[in-house]
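Here are a few exercises to work through with the structure open beside you. Try each task before reading its solution.

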Amino acid sequence: RVMDAAFTIPGTNRRVGLDPLLGFIPVIGDLGSAAIGGYIVLVASKLGVPAVVLWRMMLNLAVDTAIGVVPFVGDAFDVAFKANLRNAA
């Protein structure tokens, strides 16, 4: 939740987290965000989540990271896609 829905944008009901904010730091922010997302996948693996679900989680994370690297477009995508909330669910 901290990565994708920690704060509400004032004047809207849109929630954002640290993921799009970290995206403003070129390369390092996106890699750090991917590492935190990878931890969610690792915990899911240790909890016995089926392989097909783990693959989908990794795909969510890969898409989020690949598009997140693109300046500005990636930050907007991070606000909309919320891969970490999808994976935690």
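**Exercise 1. The two sides of a helix**

Which residues are exposed on the other side of H3, away from its buried residues? Work this out in the predicted model.

*Solution.*
Step 1. Begin with the helix itself: H3 has 18 residues and spans 25 Å between its first and last C-alpha, close to the 26 Å expected at 1.5 Å a residue.
Step 2. List its buried residues, namely Leu-54, Met-57, Asn-60, Leu-61, Asp-64 and Gly-68. They cover an arc of only 120° around the axis, so they sit on the same side of H3.
Step 3. Turn to the other side of H3, where Val-52, Trp-55, Arg-56, Leu-59 and Ala-66 are exposed.
Step 4. Finally, find the partners: the buried residues of H3 pack against helix H1 (18-22), helix H2 (28-46), H4 and helix H5 (83-88).

**Exercise 2. A pair of helices**

Work out how H3 and H4 are oriented relative to each other, and describe their contact.

*Solution.*
Step 1. Take the axes of H3 (residues 51-68) and H4 (residues 73-81): they come within 8 Å and cross at roughly 150°.
Step 2. Apply the cut-off: an angle over 145 degrees counts as roughly antiparallel. H3 and H4 are therefore roughly antiparallel to each other.
Step 3. Collect the residues that make the contact. H3 supplies Asn-60, Val-63, Asp-64, Ile-67 and Gly-68, while H4 supplies Gly-74, Phe-77, Asp-78 and Phe-81.
Step 4. Sort them by character: the contact of H3 with H4 has 4 nonpolar, 3 polar and 2 charged residues.

**Exercise 3. The surroundings of H4**

Identify the buried residues of H4 and the elements they pack against, then follow Asp-75 to its contacts.

*Solution.*
Step 1. The buried residues of H4 are Gly-74, Asp-75, Asp-78, Val-79 and Phe-81.
Step 2. Their packing partners are strand E2 (15-16), H1, H2, H3 and H5.
Step 3. Now pick out Asp-75, with a relative accessible area of 8%. Since buried means under 20%, Asp-75 is classed as buried.
Step 4. Leave out residues up to four places away in sequence, and Asp-75 touches Pro-20, Gly-23, Phe-24 and Val-70.
Step 5. Add the long-range view. Asp-75 and Leu-21 are 54 residues apart along the chain, yet their C-alpha atoms are separated by 7.7 Å. For Asp-75 and Leu-22, 53 residues apart in sequence, the C-alpha to C-alpha distance is 8.8 Å.
Step 6. Look at Leu-22 too, which has its place in helix H1. Leu-22 is partly exposed at 26% relative accessible area, and beyond its neighbours within four places in sequence it is in contact with Met-3, Gly-29, Asp-30 and Ser-33.

**Exercise 4. Two positive phi angles**

Phe-72 and Lys-82 both deserve a look at their backbone. Where does each lie, and is each buried or exposed?

*Solution.*
Step 1. Recall the background: most residues other than glycine have a negative phi.
Step 2. Phe-72 has a positive phi of about 65° although it is not a glycine. Its place is in the loop between H3 and H4, and Phe-72 is exposed, with a relative accessible area of 64%.
Step 3. Lys-82, also not a glycine, has a positive phi of about 55°. Lys-82 comes just after H4, in the loop between H4 and H5.
Step 4. Check the accessibility of Lys-82: at 14% relative accessible area, Lys-82 is buried, whereas Phe-72 is exposed.

Terms used: Residues are numbered from 1 along each chain as its sequence is written. This is a predicted model: local features need pLDDT of at least 70, side-chain atom pairs count only at pLDDT 80 or more; totals for chains, interfaces and linings use all residues. Side-chain values use heavy atoms; hydrogens and water are left out. Axes are lines fitted to C-alpha atoms, for helices over the stretch in contact, and angles run from 0 to 180 degrees between N-to-C directions. Helices (H or I, at least four residues) and strands (E, at least two) are DSSP runs, numbered from the N terminus. Angles under 35 degrees count as roughly parallel, over 145 as roughly antiparallel, 65 to 115 as roughly perpendicular and the rest as oblique. Contact means heavy atoms within 4.5 Å. Ala, Val, Leu, Ile, Met, Phe, Trp, Tyr, Cys and Pro count as nonpolar, Asp, Glu, Lys and Arg as charged, and the others, Gly among them, as polar. The expected span of a helix is 1.5 Å times one less than its number of residues. Buried means under 20% relative accessible area, exposed over 50%, partly exposed in between (1.4 Å probe, protein chains only). The arc is that of the directions from the helix axis to the C-beta atoms.
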